[in-house]
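Reader: Could you take me through a close look at the enclosed space inside this model? I would love one connected account.

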Amino acid sequence: MPIVIYNTLSGKKEEFAPIKKGRIGMYICGPTVYDEPHIGHARSAYTFDVIRRYLEYRGFKIKFVRNVTDVDDKIIDKARLAQSTLKEVSEKYLKAYHDDMDVLGIKPPTDEPKATEYIKEMIKFIDGLIKREAAYQSGGDVYFDIKKAKNYGKLSGQNLENMESGARVVHGENKKDPLDFALWKAVKLDEPSWDSPWGKGRPGWHIECSVMSSKILGDAFDIHGGGLDLIFPHHENEIAQFEGAGKKFARYWIHHGLLTINGEKMAKSAGNFVTIKDFITKHKNADYLKLLFLGVHYSHPVDYTEEKIEEAKKSYERFIILFHKLDEKFGTRDFKKLPDANRGDVDRFKEKFEIAMNDDFNTPVALSVLFNMVNECNKILSDDSDGKRFMLQYAMKAIIELSDILGLSFKNIKQEKSDIWISGAIVLREQLRKEKKFKEADEIRKELEAKGIILEDTKDGTTWRRKIF
Ligand SMILES: [Zn+2]
């Protein structure tokens, strides 16, 4: 079955066919490292993590490049404020980014180029553009000449004349046309800078991604991705640079929708800024955030609210209860020990999941298929007829496999004594107590106690602690 991807460049869904059979080159615009990563960064990284995981599941070998912008006005300002260096600031926040990606369970990229390590290559690329008369030097700056880009506006669907009418030259810039953009910026006082044929300075942002992507993936590669806010001007300018150099560039452009909080743009000044660390400190489990994201197609905006996280928690608990029921019924968390057969039903679920993911990575539908499987297993577990039970081993394996494609971490639930496992047992115990099955509920308490986990019922619910011997 082919995979269909919405390509921003063509404005329609296209059948995906990589340049080299079985291999994919993918470039994602990564973080500018000057602050703690927030949940908008989480959505971006997670969107492409799921796309990557699905493409890998479909058998593709992927070179997954995600850059780091480690020279930029914001980083320079931060360094100035903190009386620190560019390098110290960027290293500090890159570490924070890596730590957060780790907590979220995002696979590391195969390549992670840093802008400051590619300055020489950027100078060479800019020099090539000047020689082809697609760029010009003005003072110590170098600008891309927008008039030389034949198809400018094709990615963002804008026309050059309309754009010209709204554009103004900012004071201090030496451009011929207000839409011309900087490839190289002359050094300002006490800024970090590098030597170049045009004097000391630093590269512009757009040239950075064009050079790093093509250096690692080759001039023409398969997928270029980022947030919707990068379509213009960042990605539009990247395309212009490549066409200016007479080269082919990325073929499929994937953009994800942005994140709001309670319907509003997230901003420190608005006091609604949620970092990934804030989220994890409060909710302890990255899967809740992931379930919220999965429920919305990646191309749409997602609105974060605490109520939606509570709903995501409830969805999560449906999985946890299943794992506990299995354990109760068969006395094992090892799926290999479960009875097995009747693969047909499970395969039909898997097929539906794949159909959804093949259709431009439609995670809301894929997730609902996964929930249907969980419900089906729960039903079978509540039903005592042996014949039906026989699909469990294969079904559970499939649930874990498909959850893994979506980057959900249920496989950890199999680990004894993990925190997720304990909170799952508490959820199940509460449910049994609601159903007035006090004997069964008490057995869960005893079972946990035997493993050194003490439950404490308070008016705000049940908490737990490890027994100290
Ligand atoms: Zn970029």
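**The largest cavity and its surroundings**

Author: Happily! There are two cavities of 30 Å³ or more, a cavity being a set of points on a 1 Å grid over the protein atoms alone where a 1.4 Å probe fits but cannot get out. This is a predicted model, in which local features need pLDDT of at least 70 and side-chain atom pairs pLDDT 80 or more, while totals for chains, interfaces and linings use all residues. Residues are numbered from 1 along each chain as its sequence is written, and side-chain values use heavy atoms, leaving out hydrogens and water.

The largest cavity has a volume of about 120 Å³, taken as the space filled by probe spheres set on the points, which are joined across faces, edges and corners. Its lining includes Arg-43, Tyr-46, Phe-293, His-297 and Phe-361; lining residues have an atom within 4 Å of a point. Two or more of the lining residues come from each of helix H1 (39–57) and helix H9 (286–294), where helices are DSSP runs (H or I, at least four residues) numbered from the N terminus. H1 gives the most, five residues.

Phe-361 from this lining also has an aromatic partner. Tyr-54 and Phe-361 form an edge-to-face pair, 6.4 Å centre to centre with 80 degrees between the planes (ring centres within 6.5 Å, planes over 60 degrees apart). Tyr-54 belongs to helix H1, and Phe-361 to the loop between helix H11 (343–358) and helix H12 (363–382), 307 residues apart. Both Tyr-54 and Phe-361 are buried, that is, under 20% relative accessible area (1.4 Å probe, protein chains only).

Methods: 1 Å grid on protein atoms, 1.4 Å probe; cavity = no way out; pocket = protein on both sides within 12 Å on 5 of 7 lines; lining within 4 Å. Phe/Tyr/Trp six-rings, centres within 6.5 Å; stacked < 30°, edge-to-face > 60°. Buried < 20%, exposed > 50% of the residue type's maximum accessible area, 1.4 Å probe, protein only.
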